[in-house]
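Open the model in your viewer and keep the sequence panel visible. The tour takes a few selections, one after another.

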Amino acid sequence: MTSSPKNYRELEQGIHTDLKDRMSYGGYLHLPEILNAQHLLSDEHDEMLFVIIHQASELWLKLAGHEVEAAIRNIRENDFRHAFKVIARVKLILMQLTQSWSILSTMTPVDYLKFRDTLGPASGFQSYGYRKLEFLLGNKNSKLVEVHRHDPDVYEALREVLHAPSLYDVVLQKLDGEGLEIDAGVLDRDFSQPYEPEESVRAAWLRVYRDPDKYFELYELAEKLVDIEDAFQNWRFRHMYTVQRIIGHRQGTGGSSGVPFLRKAIDTSFFPELFEIRSDL
């Protein structure tokens, strides 16, 4: 009897090999469509890297939006346990997105410039998934929807998210429902407008942080929100720095100023009072 080579693994008898007319891994995930969705516009080697990084990022952004929508529903229904779970998942998704910039940064400026002109006005600024996620978290700006007017379905979907309460809006409603007295102007505001820090919100969070045992779920929720902002800001910074590394201070393909425009986003906070109160504790 001959023994199998050391580095050989026998196919177990129970493994399915006849998958004709049955559900397969590739069929379930629609892999033929996904793996054949890289339609390059040049013969440059690094364009494949550029396309796949951005396609994968869009999938992660879609998942992040899906999880934030779940968190909004959970908080409305007082299901804090599941809300904590999906918010923690969003943090990890953002960390995954941040790591993707490290892979993209292996592309040198010379590599990118070989095919950059083929992109025309296409830009990550036009990412529907990114815009939706920002709106869900509370960074509202009605003017940003206009770049999607050419796609009626996406345009209307974004406008719906724009005018709906964000995750932070729902959290503030929950604070008020727990007797922490949020100003009516905050609760009944036009949700399509940018959120501005407000004193009653700051005071409410101070009460939560000064008595975490009494407001344990709200305290935990606040720290989960800080986790999201921390991860999102790291992603924003890595994005800005990667762009600076590859194109310097050139104008962005979408018409923005490039790095200066991305740098402004780093100064934008989703949950401003949660950071302001740290100086008051």
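Select helix 3 (residues 47-76) and helix 6 (residues 128-137) in this predicted model. The two pack with their axes 9 Å apart, at an angle of about 25°. An angle under 35 degrees counts as roughly parallel, and helix 3 and helix 6 are therefore roughly parallel to each other. Their crossing is left-handed.

Now show side chains at this contact. From helix 3, pick E58, L61, A64, G65, V68, E69 and I72; from helix 6, pick G129, Y130, K132, L133, L136 and L137. Coloured by class, the contact of helix 3 with helix 6 shows 8 nonpolar, 2 polar and 3 charged residues.

Keep I72, L136 and L137 on display and add S166, which touches these three as well as F135, G138 and K140, leaving aside residues up to four places away in sequence. S166 sits in the loop between helix 7 (152-163) and helix 8. Is S166 buried or exposed? Its relative accessible area is 2%, so S166 is buried.

From that loop, move on to helix 8 (residues 167-180) and add helix 11 (residues 216-247). Here the packing angle is about 165° and the axes lie 12 Å apart. Helix 8 is therefore roughly antiparallel to helix 11. Helix 8 passes helix 11 in a left-handed crossing.

For the last selection, take L167, Y168, V171, K174, L175, E178 and L180 in helix 8, which meet L218, L221, L225 and I228 in helix 11. By class, this contact has 9 nonpolar and 2 charged residues, with no polar ones.

Notes:
Residues are numbered from 1 along each chain as its sequence is written. This is a predicted model: local features need pLDDT of at least 70, side-chain atom pairs count only at pLDDT 80 or more; totals for chains, interfaces and linings use all residues. Side-chain values use heavy atoms; hydrogens and water are left out. Axes are lines fitted to C-alpha atoms, for helices over the stretch in contact, and angles run from 0 to 180 degrees between N-to-C directions. Helices (H or I, at least four residues) and strands (E, at least two) are DSSP runs, numbered from the N terminus. Angles under 35 degrees count as roughly parallel, over 145 as roughly antiparallel, 65 to 115 as roughly perpendicular and the rest as oblique. A crossing is left-handed if the near helix is turned anticlockwise from the far one by less than a right angle, and right-handed if clockwise. Contact means heavy atoms within 4.5 Å. Ala, Val, Leu, Ile, Met, Phe, Trp, Tyr, Cys and Pro count as nonpolar, Asp, Glu, Lys and Arg as charged, and the others, Gly among them, as polar. Buried means under 20% relative accessible area, exposed over 50%, partly exposed in between (1.4 Å probe, protein chains only).
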